[in-house]
Amino acid sequence: MSTASTRLPEGRYGRSSEERADRTLKVVGAVLAVALLGLVGWFGYHYVAQNEISAEVISFEPGKESVRVHLEVRKDAGTDGYCTVRSQAENGAEVGRADFRFDGDDTRIDKVVTLRTTSPGTTAQLLGCHAG
């Protein structure tokens, strides 16, 4: 008996197990792709639409009792908010932390602020900005 004579007619007895496995993999792949696109879209919306105020440290000058920090703030017109900045000593201990408010209709603000410290600070780190 040859293998050709024992083969079942195609389409008569349903799908083979390989065809079912291929279809299952395609469905799982499609579901995962849609979930990934949804997640990327949610993060993108949160980053672009919900981010009303952001800033970055342009430069800083450490001193014995304070650190002068040059901040560049970008915000929506009319949005009020604050940014939190901290300074650390050479050993990593936090020696100063303060919130600085940014109000008004300007969308870009360059401002030099003074962060008072309990001992000489060697860094200026922006911890984040919040509307409100």
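# Questions about a predicted model

Visitor: Is Thr 118 buried or exposed?
Guide: This is a predicted model, and every value below is computed from it. To count as exposed, a residue needs a relative accessible area over 50%. Thr 118 has a relative accessibility of 72%, so this residue counts as exposed.

Visitor: Where in the chain does Thr 118 lie, and what distance separates its C-alpha atom from that of Gln 88?
Guide: Thr 118 belongs to the loop between strand 5 and strand 6. Along the chain, Thr 118 and Gln 88 are 30 residues apart. In space, the separation of their C-alpha atoms is 10.0 Å.

Visitor: What is the strand order of the open sheet that contains strand 1?
Guide: This open sheet has three strands, and their pairing is antiparallel. Strand 1 (53-62) and strand 5 (108-116) are its edge strands, since each pairs on one side only. On average, neighbouring strands of this sheet are turned by 25° against each other, direction ignored. The order is 1-2-5.

Visitor: How many bridges join strand 1 to strand 2, and which residue of strand 2 stands opposite Pro 62?
Guide: Strand 2 covers residues 66-75 and runs antiparallel to strand 1. The number of bridges joining the two strands is nine. The residue opposite Pro 62 is Val 67.

Visitor: What is the order of the open sheet that contains strand 3?
Guide: Three strands make up this open sheet, again with antiparallel pairing. Strand 4 and strand 6 each pair on one side only, which makes them the edge strands. The twist from one strand to the next averages 15°. The order is 4-3-6.

Visitor: Which residue of strand 4 is the bridge partner of Ser 87?
Guide: Strand 3 and strand 4 run antiparallel, and eight bridges join them. The bridge partner of Ser 87 in strand 4 is Gly 96.

Visitor: Which cysteines does the disulfide join?
Guide: The structure holds one disulfide, with an S to S distance of 2.1 Å. It links distant parts of the chain, strand 3 (residues 81-88) and strand 6 (residues 125-131), with the two cysteines 46 residues apart. Both cysteines are buried. They are Cys 83 and Cys 129.

Visitor: What is the handedness of the link between Cys 83 and Cys 129?
Guide: The handedness goes with the angle about the S-S bond, here 105°. The link of Cys 83 and Cys 129 is right-handed.

Visitor: Which strand gives the most residues to the largest nonpolar core?
Guide: The largest nonpolar core has 15 residues, and those touching the most other members are Val 69, Leu 71, Val 73, Val 85, Phe 100 and Phe 102. Strand 1, strand 2, strand 3, strand 4 (94-102) and strand 5 each supply at least two residues. With four residues, the strand that gives the most is strand 2.

Visitor: Which cysteine does Phe 102 touch?
Guide: Residues up to four places away in sequence are not counted here. The contacts of Phe 102 include Leu 71, Val 73, Ile 109 and Lys 111. Also among them is Cys 83.

Visitor: Why does Phe 43 count as partly exposed, and what kind of aromatic pair does Phe 43 form with Trp 42?
Guide: Partly exposed lies between buried, under 20%, and exposed, over 50%. Phe 43 is in that range because its relative accessible area is 47%, whereas Trp 42 counts as exposed at 52%. The count of aromatic pairs comes to one. Its rings lie 5.0 Å apart centre to centre with 70° between the planes, and the pair is edge-to-face.

Technical notes: Residues are numbered from 1 along each chain as its sequence is written. This is a predicted model: local features need pLDDT of at least 70, side-chain atom pairs count only at pLDDT 80 or more; totals for chains, interfaces and linings use all residues. Side-chain values use heavy atoms; hydrogens and water are left out. Rings of Phe, Tyr and Trp (its six-membered ring) pair if their centres lie within 6.5 Å; planes under 30 degrees apart count as stacked, over 60 as edge-to-face and the rest as tilted. Buried means under 20% relative accessible area, exposed over 50%, partly exposed in between (1.4 Å probe, protein chains only). Two strands pair if DSSP finds at least two bridges between them. Axes are lines fitted to C-alpha atoms, for helices over the stretch in contact, and angles run from 0 to 180 degrees between N-to-C directions. A disulfide is a pair of cysteine sulfur atoms within 2.5 Å. A nonpolar core is a set of buried Ala, Val, Leu, Ile, Met, Phe, Trp, Tyr and Cys residues joined through side-chain atoms within 4.5 Å. Contact means heavy atoms within 4.5 Å.
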